[in-house]
Amino acid sequence: MEGSRFVKEPFDWHDQRIDTQDRIMALQFGQVERRVERIEALIEGLERRLWMTVYGVVAVILTQAVQSILQFGPKGG
């Protein structure tokens, strides 16, 4: 009858603990990286919407300026 393999083969708990902590940290960093990528994507979408709003406001202002110039410009006749 054979005994436990752990009795015959010494087990280094310290190395196992470090390996486990490394795996846990890798998972945590992976989750953080995915969250950061998602936040960056949301910020890019928000930035696009912001620029579209700015361009829209500028277009309205320029349209009103052109209309004013055409309305009060020299009249032919």
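Is glutamate 47 buried, partly exposed or exposed, and what is its relative accessibility? Keep that in mind as we walk through this predicted model.

**Whole chain.** Start with everything selected and colour by secondary structure: you should find 2 helices and 0 strands. Now switch to a surface view. The accessible surface of the protein comes to about 7800 Å², and carbon and sulfur atoms account for 63% of it. Of the 77 residues, 4% count as buried.

**Helix α2.** Next, select residues 13–72, which make up helix α2. Both of the residues we visit below, tyrosine 55 and glutamate 47, sit in this helix.

**The negative patch.** Select Glu33, Glu37, Glu40, Glu44 and Glu47 and show their side chains: together they form a negative patch on the surface. Zoom in on glutamate 47 to settle the opening question. Its relative accessibility is 43%, so glutamate 47 counts as partly exposed, because that class lies between the 20% and 50% cut-offs.

**The nonpolar patch.** Now pick Leu50, Trp51, Met52, Val54, Tyr55, Val58 and Leu62. These residues form a nonpolar surface patch, and their accessible area together is about 730 Å². Centre the view on tyrosine 55, one of its members. With a relative accessible area of 53%, tyrosine 55 is exposed, because the cut-off for that class is over 50%.

**Last stop.** Give the two patches separate colours and view them on the surface: the glutamates in one, the nonpolar residues in the other.

How values were computed: Residues numbered from 1 in each chain as written. Predicted model: local features only at pLDDT ≥ 70, side-chain atom pairs only at ≥ 80, totals over all residues. Heavy atoms only, no water. Helix = DSSP H or I, 4+ residues; strand = E, 2+ residues; numbered from the N terminus. Buried < 20%, exposed > 50% of the residue type's maximum accessible area, 1.4 Å probe, protein only. Areas by Shrake-Rupley, 256 points an atom, 1.4 Å probe, with all protein chains shown as cover. Patch = residues over 30% accessible without salt bridge, like charges linked within 9 Å, V, L, I, M, F, W, Y side chains within 5 Å. Salt bridge = Lys/Arg side-chain N within 4 Å of Asp/Glu carboxyl O. Lys, Arg positive; Asp, Glu negative; His and termini not counted. Charge placed at Lys NZ, Arg CZ, Asp CG, Glu CD.
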